[in-house]
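Here's a quick tour of a protein model, aimed at someone who would rather look at residues than at algorithms. Have the viewer open as you read.

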Amino acid sequence: MNLEQVRADFPILEQEVNGKPLVYLDNAASAQKPQAVMDAMTQYFRETHSNVHRGAHSLGDRATALFEGARETVRSQINAASANEIIWTRGTTEGINLVANGFYRSLKQGDEILVSRMEHHANIVPWQMLAEATGASLKVIEVTPEGELDQQSFRDQLSERTKVFAITAVSNVLGTINPTREMVAAAKEAGAYTLVDGAQAIPHLGADVQALDCDFYVFSGHKLFGPTGIGVLYGREDLLNEWPVYQTGGEMIHRVSFEGTSFQNSPYRFEAGTPAIAEAIGLATAMRYLDDLGHDGLHEAEAALDRRVDEWVADFPGLTRYGQAQNKVPVLSFWLEGLHPSDLGTLLDQQGIAIRTGHHCCMPLMEHFGIAGTARASFAFYNTVEEVDTFFQGLQRIQRLFTGK
Ligand SMILES: Cc1ncc(COP(=O)(O)O)c(C=O)c1O
């Protein structure tokens, strides 16, 4: 991978912020977009835009072909068996809500929903609401001090009562890569439906839903170098065709009368109203862009960043790292002694360095570590080792200035 060429594909990275070259280390919150994505969306608006699946005219047919072509691209990129298993959503959050909504009529008292303490709120709250409404209970897999899922806690809580197992493949705070495939297999063996939150995993690891063998897999376009407002819910086709509908309205119906309404099969069954057409095309373009770059090259580039982060952290007085998993993606959550994370974020921004601070939508995980929040630097393949150095040198400067160390 030629890093200079790759960075040229991301024009936003070329700018200065507060008089300093931008160092963008907030990729876990939202990643930047390559020019190819912007070009594909602009070209669509300039040449093709029309509504889809309604066309009595050529533009409509072309828009539909691009839109369904995008679905096919996603199918092949995540190795789903059929394009009918790819549902466009607004993002991970909507995908999880859609799946959780399907359980409202079937879950009952005595049933259990199993999640983990390292979940994003998007993979906690919909299940909590479901449990409250149905009388089912929410069970939580605990986290080890290193920031890995406690496998004993998992085994202890998985049982024939577990009806839903919903887990993130990668932690957005700790960077931990969870043994998702093994855990999904165990949960299926116990008879549970399985949902994998791939929001943080797919940008680093890609996804193979058939190998993972989960019932549902969700992710967001904007974390995968694509646009906001678009995401994907993958589900097994046989399951989806039986799944209760979520939003209702135009496009998702088969027949409407005042006596009753029947619904289409997946994916249209879950796509009420006019979809985010340009965004779907943008997301498919982002996935093709990554594929063209080559996943091996991306992994190597990220591993080099991770090694440099580890070197700095090993010898950085006053820095406490949260998340020391054996298997992780390049994310660093930390506290710097004597400095509040939000102050740190502001001070780094003055040096052109963008990180995120706070609870990262993971309050139960913060509670586990006994803190209110962390500072988080999250890296993408387009970051450079020099940027890692700039970031830590920035931390050193702030530390000297504010704590005299
Ligand atoms: C692990 C994880 N799950 C879910 C989400 C929610 O994604 P979105 O806000 O795109 O719906 C995020 C976003 O940070 C995340 O990191």
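## Two domains in contact

Let's start where the two halves of the assignment meet: 36 residues of domain 1 are in contact with 27 residues of domain 2. Keep in mind that this is a predicted model.

As for the bounds, domain 1 takes in 3–27 + 294–403, while domain 2 covers 38–291. If you want a feel for the spacing, the C-alpha centres of domain 1 and domain 2 are 28 Å apart.

## The ligand and its shell

Which residues sit around the ligand? The list runs Thr 92, Thr 93, His 120, Thr 168, Asn 172, Asp 197, Ala 199, Gln 200, Ser 220, His 222 and Lys 223. Sorted by class, that shell has eight polar residues, two charged ones and one nonpolar one.

Now for some distances to oxygen atoms of the ligand. The side chain of Gln 200 has an N or O atom 2.7 Å from a ligand oxygen. Ser 220 also puts a polar side-chain atom 2.7 Å from an oxygen atom of the ligand. For His 120, the distance from a polar side-chain atom to a ligand oxygen is 3.4 Å. How much of the ligand does the protein bury? Taken alone, the ligand exposes 390 Å², and the protein buries 86% of that.

## The largest cavity

Searching the whole structure turns up two cavities of 30 Å³ or more. The largest cavity has a volume of about 90 Å³. It has 15 lining residues, and the ones closest to its centre are Asn 27, Ala 28, Gln 200, Pro 203 and His 204. You've met Gln 200 already, as one of the residues around the ligand.

Where does this cavity lie with respect to the domains? Domain 1 and domain 2 both contribute residues to the lining of the largest cavity, so it lies between them. By class, its lining residues split into nine nonpolar, four polar and two charged.

## The second largest cavity

The other one has a volume of about 40 Å³. To find the second largest cavity in the viewer, select its lining: Val 52, His 53, Glu 251, Tyr 268, Glu 271, Gly 273 and Pro 275. That lining comes out as three nonpolar, two polar and two charged residues.

How values were computed:
Residues are numbered from 1 along each chain as its sequence is written. This is a predicted model: local features need pLDDT of at least 70, side-chain atom pairs count only at pLDDT 80 or more; totals for chains, interfaces and linings use all residues. Side-chain values use heavy atoms; hydrogens and water are left out. On a 1 Å grid over the protein atoms alone, a cavity is a set of points where a 1.4 Å probe fits but cannot get out, and a pocket is an open set with protein on both sides within 12 Å along at least five of seven lines; lining residues have an atom within 4 Å of a point. Grid points are joined across faces, edges and corners, and a volume is the space filled by probe spheres set on the points. Ala, Val, Leu, Ile, Met, Phe, Trp, Tyr, Cys and Pro count as nonpolar, Asp, Glu, Lys and Arg as charged, and the others, Gly among them, as polar. Domain bounds come from an automatic or database domain assignment. A residue is near a molecule or strand if one of its heavy atoms lies within 4 Å of it. A polar contact is a pair of N or O atoms within 3.5 Å; within protein, one must be able to donate a hydrogen and the other to accept it, and residues adjacent in sequence count only if both atoms are side-chain atoms. Accessible areas come from the Shrake-Rupley method with a 1.4 Å probe; for residues, only the protein chains shown count as cover. Contact means heavy atoms within 4.5 Å.
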